[in-house]
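Welcome! Please take a moment to look over the sequence and the model below, then try each exercise before reading its solution.

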Amino acid sequence: MSLQLIFVSILLARSTTALLAPHHSSRQIFVHAVATTNDEVAADSTAEATERSPEEQEFFSRTAALCQERNLPLSHVKNARDLCSPVDSPIIPGRVYRTGRVSDASTQDIELLFDQLGIKTLVDLRSPTELKDDATLEREEVFGNFTDMVYYERNKMVKELGPDESRMEKKRKRDKIRNAVGGVRKSTLDAVFSFVDKFGASEDGEGDEEECIDCIEASKLLEATSRRKDRKERHFVSIMNELKYVKGTVSKLRKRDIAGAIIKSPTAIVSKSAREKIKKPFLDEINSGGLPMLNELLLKFGAPGIHHVLDLISDKSRHPVAFYCTAGKDRTGMIAAIILSLLGTPDESIVEDYSLSANVYAEMNDHKAMVGALSQRSLDAKVFLGAPPHVMKDTLENIRKVYGSVEGYCDFIGFDEKSRERLKYVLTEQ
């Protein structure tokens, strides 16, 4: 089992201004929403509930009630709601939505999302590995009238894909690993290369990009909206991937821990047990850090993609926008938290909005498979598939500790004051 597979499992948790159609405002939909989960999901949730403490059960009951009030009444797309829904959010209904994977949409879901709500721009935050594993990625009935756009992080470029164009192409494995572990000092570097070259590389080009031909600079995308204002677009913006998590985790480990694990396991190339020993420092760091650490890595290594997503949402001609990852929990939750905070939404409301994702994995068809995959990789499914309030609370506190404020973080990623004012204007002004 490779280090790559460890981070694939984590990424499964990373985890979608035309006005609404007449008589169908977002707030009306929230108020009149009904529970749409099926009997199988309800049975699974009941079974899990028997394992919860009274405090946990109270938390899940409260979030379930809020989800019923705020979530869009979709049968197959999970965790979907308007960013106007948190308490004291100043966002005008119908401008921007957060959601889970859109490709699962039922016929009724498609009608609500695209006919009633009129969603015009989709922003897919998932990694290439997740896209590769999504058998419904190109569903004609969902995405047939959307133009695909790909963000290339390396040169901050955007490419419009033709009908037969591939999204990414592979690069040499060793170049990929060198980039991933470039922060490790040379005394440890060669040993890391010898192991990760053999066991840690992706098979689908994860983490690297082809040369971007016939592209435009991402910063100029807002200036080139005139010919795009009447069309629907789906933007692929992979803000995190496995190799970024590897790089971030390696940067947090003591170099002697990495070197020691490898030196003690010279048989790693042929021995499964030796490879397990090498993974231990990584697993220990991941499990001890939990979701707050992964959010910290997301903020740092996902900065270019986060900037691009904020730019897209700042373009009024692209509204309504829906951004999403797999479950709409972590990557989606981070983007939502940044937007809400920039617009003055209280921390308590941001934390509450994040916590509404607590039940999302229990409602997904592959929930048991996800739990099993994490357990097989010695990761705590209860930690990584949950959305406890303290995770977002700690994340917001960490942003202020490291960057001074959410505005300071935006300065760090290049989303300056002028850009923030544009975002605030398009989301709050009629």
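The exercises below go from the whole chain to single residues, a cavity and the aromatic rings.

This is a predicted model, in which local features need pLDDT of at least 70 and side-chain atom pairs count only at pLDDT 80 or more, while totals for chains, interfaces and linings use all residues. Residues are numbered from 1 along each chain as its sequence is written, and side-chain values use heavy atoms, with hydrogens and water left out.

**Exercise 1: The whole chain**

Find how many helices and strands the protein chain has, and what share of its residues is buried.

Solution. Start with the elements: the protein chain has 20 helices and 8 strands. Both kinds are DSSP runs numbered from the N terminus, with helices (H or I) of at least four residues and strands (E) of at least two. Next, turn to burial: of the 430 residues in the protein chain, 57% are buried. Here, buried means under 20% relative accessible area, exposed means over 50%, and partly exposed lies in between (1.4 Å probe, protein chains only). Finally, the accessible surface of the chain is about 18,600 Å², and carbon and sulfur atoms hold 51% of that surface. Such areas come from the Shrake-Rupley method with a 1.4 Å probe, and for residues only the protein chains shown count as cover.

**Exercise 2: Two helices**

List the buried residues of α5 and of α13.

Solution. Begin with α5, residues 107-116: its buried residues are Asp109, Ile110, Leu112, Leu113, Phe114 and Gln116. Just after α5 comes Gly118, with a positive phi of about 70°. Then move to α13, residues 303-313, which is mostly covered, with 11 of its 11 residues buried. Among them are Ala303, His307, His308 and Asp311.

**Exercise 3: Contacts between distant parts of the chain**

For Leu74, Ile119 and Val150, find a residue far along the chain and give the C-alpha separation.

Solution. Take Leu74 first. Leu74 sits in the loop between α4 (54-70) and β1 (81-82), and is buried at 4% relative accessible area. Its C-alpha atom is 7.9 Å from that of Leu112, 38 residues apart along the chain; Leu112 is one of the buried residues of α5.

Go on to Ile119, in the loop between α5 and β3 (121-124). Ile119 is buried, with a relative accessible area of 1%. Between Ile119 and Lys232 there are 8.3 Å from C-alpha to C-alpha, although the two are 113 residues apart along the chain.

End with Val150 in strand β4, a residue that counts as buried at 1% relative accessibility. Val150 and His235 are 85 residues apart in sequence, with their C-alpha atoms 5.8 Å apart.

**Exercise 4: The second largest cavity**

Describe the volume and lining of the second largest cavity.

Solution. Rolling a probe the size of a water molecule over the atoms shows where empty space is left. On a 1 Å grid over the protein atoms alone, a cavity is a set of points where a 1.4 Å probe fits but cannot get out, and lining residues have an atom within 4 Å of a point. The second largest cavity has a volume of about 40 Å³. Its lining includes Leu72, Arg81, Leu113, Ile119 and Ala322. Strand β2 (residues 96-99) contributes the most, with 3 residues. By type, the lining has 8 nonpolar, 1 polar and 2 charged residues.

**Exercise 5: Backbone exceptions**

Where do Asp88, Lys156 and Pro320 lie?

Solution. Most residues other than glycine have a negative phi, and most peptide bonds are trans. Asp88, in the loop between β1 and β2, has a positive phi near 65° and is exposed at 56% relative accessible area. Lys156, in the loop between β4 (146-152) and β5 (157-160), has a positive phi near 55° and is partly exposed at 46%. Pro320 lies in the loop between α13 and β8 (321-324); a cis peptide bond joins His319 and Pro320, with omega about -5°.

**Exercise 6: Aromatic rings**

Why is the pair of Tyr403 and Tyr409 edge-to-face?

Solution. The structure holds 4 aromatic pairs. Rings of Phe, Tyr and Trp (its six-membered ring) pair if their centres lie within 6.5 Å; planes under 30 degrees apart count as stacked, over 60 as edge-to-face and the rest as tilted. The ring centres of Tyr403 and Tyr409 are 5.0 Å apart and their planes stand at 75°, so this pair is edge-to-face. Tyr403 is partly exposed at 22%, whereas Tyr409 is buried at 0%. Tyr403, Tyr409 and Phe412 together make one aromatic cluster.

Methods: On a 1 Å grid over the protein atoms alone, a cavity is a set of points where a 1.4 Å probe fits but cannot get out, and a pocket is an open set with protein on both sides within 12 Å along at least five of seven lines; lining residues have an atom within 4 Å of a point. Grid points are joined across faces, edges and corners, and a volume is the space filled by probe spheres set on the points. Ala, Val, Leu, Ile, Met, Phe, Trp, Tyr, Cys and Pro count as nonpolar, Asp, Glu, Lys and Arg as charged, and the others, Gly among them, as polar.
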